Amino acid sequence: MKIYSGNKVVINNVRVCNGLKSFIGLRFSKQLKDNEAVLIEGRSESIIDSTIDMLFVFYSIDVLWLDKNKKIVDIKKNVKPFTLFSAPRKAAKYIVELRKGIGDRYKLNQTLTFK
């Protein structure tokens with residue numbers, strides 16, 4: 001899967017995590033490359049369902065939270081390893097986890113698409 005902003009590919013290699021895979025996420029994984037991301041789809045659009053933790057993730061990441069229309073509603077940069085929880089400011093349906101520093105390429109209210 002790829003992530004697009006308009007017609008432009010912004011992330012080439014996206015790993016989709018749902019079900020049990022969404023719980024595992026980046027735990028015990030190698031650091032993401034610049035063109036890699038993890039996409040997690042929540043069960044519903046809410047703050048609770050889109051909260052993440054960084055337990056057993058050994059590097060910092062940037063996180064984008066998107067609503068059901070795939071519009072960015074929050075961005076957190078440099079989320080540290082072993083952070084107990086990190087929640088968006090607004091309800092979100094999708095979570096995109098990126099290599100630290102890549103979040104600088106995105107803006108609130110920007111719309112992304114997944115294909």
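**The sheet.** Start with the five strands that form an open sheet in this predicted model. Their order across the sheet is 3-4-7-5-6, and the pairing is mixed. Now pick out strand 3 (13-17) and strand 6, which stand at the edges. Each has a single partner strand, so one side of each is left without a neighbour in the sheet. Look along the sheet for the twist: it averages 20° from one strand to the next.

**Strands 5 and 7.** Select these two together. They pair in the antiparallel sense, over six bridges. Strands of a sheet pair through backbone hydrogen bonds, either parallel or antiparallel. For a single position to centre on, take Asp 62: opposite it stands Leu 98 in strand 7.

**The loop between strand 6 and strand 7.** Strand 6 covers 72-79 and strand 7 covers 92-99. Two stops here.

First, Leu 84, which sits in this loop. Is Leu 84 buried or exposed? Its relative accessibility is 63%, over the 50% cut-off, so Leu 84 counts as exposed. Show its contacts beyond four places in sequence: Leu 84 touches Ile 52, Asp 53 and Leu 55. Then draw a C-alpha to C-alpha distance from Leu 84 to Val 14. The two are 24 Å apart in space and 70 residues apart in sequence.

Next, Ser 86, also placed in the loop between strand 6 and strand 7. Ser 86 has a relative accessible area of 8%; that is under 20%, so this residue is buried. Which residues is Ser 86 in contact with, leaving aside neighbours within four places in sequence? Select Ser 50, Thr 51, Ile 52, Trp 65, Lys 76 and Val 79. Keep Ile 52 on screen: Leu 84 touches Ile 52, and Ser 86 is in contact with Ile 52.

**Positive phi at Phe 28.** Move to the loop between helix 1 (20-24) and strand 4 (36-46), where Phe 28 is found. Check its backbone. Phi of Phe 28 is near 60°, a positive value in a residue other than glycine. Switch on the surface: with 62% relative accessibility, Phe 28 counts as exposed.

**Positive phi at Lys 70.** Last stop: the loop between strand 5 (61-66) and strand 6, which holds Lys 70. What is phi of Lys 70 near? The value is near 65°, positive in a residue other than glycine. Lys 70 has a relative accessible area of 24%, which makes this residue partly exposed.

Key. Residues are numbered from 1 along each chain as its sequence is written. This is a predicted model: local features need pLDDT of at least 70, side-chain atom pairs count only at pLDDT 80 or more; totals for chains, interfaces and linings use all residues. Side-chain values use heavy atoms; hydrogens and water are left out. Helices (H or I, at least four residues) and strands (E, at least two) are DSSP runs, numbered from the N terminus. Buried means under 20% relative accessible area, exposed over 50%, partly exposed in between (1.4 Å probe, protein chains only). Contact means heavy atoms within 4.5 Å. Two strands pair if DSSP finds at least two bridges between them. Axes are lines fitted to C-alpha atoms, for helices over the stretch in contact, and angles run from 0 to 180 degrees between N-to-C directions.
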